[in-house]
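Hi,

Here is the structure I said I would pass on. Have a look at it first, and then read on for what turned up.

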Amino acid sequence: MNKIFALTKKELHSFFSSPIAYVILIVMLSLFNIFFFLIIDQNREVSLRDVFQLMEFMLVFFIPLLTMRLFSEEKSNGTMEFLLTSPLTHTMIVLGKYFSMLIFFTLLICLTLSYYFIVEYFGEPDPSSILSGYLGIWLEGAFFIAVGLLASSWTSNQIIAAMVSYLILFSLYFATSFTQYVGGSGEHFLIQMSTHTHLENFALGIITPSDVVYYLAGILLCLVLTRLSIDNRLWQ
């Protein structure tokens, strides 16, 4: 565990040593704040439901920018072999890099907790629905980061890693848009694959086992595939 923590700390230090971490943090937080005030001003209700749904849409665009460098940069700089021959197991490497981005994302979400106190100042919001909404957006971000980590393990080109992440995330986000072309079990499958379907329940204050399992299973699957992707590179 100490080795995973050490790698996570190193990744965070490297990330915050470059301007991109601060640029992404400031841009995302600024956009969240702007749309928060626009939504609250338009809806005139003490609820963050629409804010969470907007945050979900914006995460589709921003998460690939956070994750595209995780393994692609190591490959392009020629440091991947050094990392793989270090006294770290491949599972530790995957978890260390994953946790670094998860901590950054958690920091970003924590900086938006002030939204609750703002809406509470003007009314009596439902704390449970806002808490479940934050849990949902955090789980969704954790899932998106796992997808981005997997895509980054496939290529040494950061742009290609980001494009592949966008392809997967847009497919999941807009899955319900294709239900009109299929029926029966196909329609049910697309609805269940859609991230929008599962976050909507959290935003309404509804936490169901199937929604939690969807995100946790997605995260676990992507991390296992990332580990296999790294192993496969050693065989080549």
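**What turned up**

Leu228 counts as partly exposed because its relative accessibility is 46%. That puts it between the cut-offs, since buried means under 20% and exposed means over 50%. Before I go further: this is a predicted model, so please read everything below with that in mind.

Leu228 sits in helix 12, which covers residues 209–235. It also belongs to a nonpolar surface patch of about 450 Å², together with Leu220, Leu221, Val224 and Leu225.

Now the overall picture. The chain has 12 helices and zero strands, so if you walk along from the N terminus you just read α-α-α-α-α-α-α-α-α-α-α-α. The C-alpha trace spans about 55 × 45 × 30 Å along its principal axes. The radius of gyration is 19 Å, which agrees with the value near 18 Å that a compact globule of 236 residues would have. Of those 236 residues, 47% are buried.

UniProt, in an unreviewed entry, places "transmembrane region" features at residues 20–40, 52–71, 92–118, 130–152, 159–182 and 202–226. I looked at two of these spans. Residues 20–40 are 100% helix and 0% strand, with the end C-alpha atoms 30 Å apart. Residues 92–118 come out at 89% helix and 0% strand, and there the end C-alpha atoms are 40 Å apart.

On to the charges. The count comes to six salt bridges. The one I would look at first is Glu11 with Lys97, where the closest N and O atoms are 2.8 Å apart. This pair links distant parts of the chain: Glu11 is in helix 1 (residues 2–16) and Lys97 is in helix 6 (residues 90–110), 86 residues apart. Are the two partners buried or exposed? Both Glu11 and Lys97 are buried.

Arg69 and Glu73 form another salt bridge, at 3.4 Å from N to O. Arg69 counts as buried because its relative accessibility is 9%, while Glu73, at 28%, counts as partly exposed. Through shared partners, salt bridges join Glu11, Arg69, Glu73, Glu74 and Lys97 into one network.

Arg49 and Asp50 also meet in a salt bridge, with an N to O distance of 3.6 Å. Here Asp50 has 26% relative accessibility, so it counts as partly exposed. Arg49 is at 29% and therefore counts as partly exposed too.

Helix 11 and what follows it are worth a zoom. The helix runs over residues 195–203, and Thr195, Thr197, His198, Leu199, Phe202 and Ala203 in it are buried. At its start, a side-chain oxygen of Ser194 comes to within 3.2 Å of the backbone nitrogen of His196. After helix 11 comes Gly205, with a positive phi near 90°. Gly205 lies in the loop between helix 11 and helix 12, and its relative accessible area of 33% is why it counts as partly exposed. If you want a ruler check, Gly205 and Thr106 are 20 Å apart, C-alpha to C-alpha, and 99 residues apart in sequence.

Two more buried spots to click on. Ser132 is in helix 8 (residues 127–152), and it counts as buried because its relative accessibility is 3%. A polar atom of the Ser132 side chain lies 2.9 Å from the backbone oxygen of Ser129. Ala162 is in helix 9 (residues 158–173), and its relative accessibility is 3%, so Ala162 counts as buried. Between the C-alpha atoms of Ala162 and Pro19 there are 18 Å, with their positions 143 residues apart along the chain.

If you only have a few minutes, I would start with the network of Glu11, Arg69, Glu73, Glu74 and Lys97, and then turn to the surface patch that includes Leu228.

Cheers

Technical notes: Residues are numbered from 1 along each chain as its sequence is written. This is a predicted model: local features need pLDDT of at least 70, side-chain atom pairs count only at pLDDT 80 or more; totals for chains, interfaces and linings use all residues. Side-chain values use heavy atoms; hydrogens and water are left out. UniProt positions are given in the numbering used here, feature names are shortened, and annotations may be inferred rather than shown by experiment. Helices (H or I, at least four residues) and strands (E, at least two) are DSSP runs, numbered from the N terminus. Patches are made of residues with over 30% relative accessible area and no salt bridge: like charges are joined within 9 Å, nonpolar side chains (Val, Leu, Ile, Met, Phe, Trp, Tyr) within 5 Å. Accessible areas come from the Shrake-Rupley method with a 1.4 Å probe; for residues, only the protein chains shown count as cover. A salt bridge is a side-chain nitrogen of Lys or Arg within 4 Å of a carboxyl oxygen of Asp or Glu. Buried means under 20% relative accessible area, exposed over 50%, partly exposed in between (1.4 Å probe, protein chains only). A polar contact is a pair of N or O atoms within 3.5 Å; within protein, one must be able to donate a hydrogen and the other to accept it, and residues adjacent in sequence count only if both atoms are side-chain atoms. The radius of gyration is taken over C-alpha atoms; the globule rule is 2.2 Å times the number of residues to the power 0.38.
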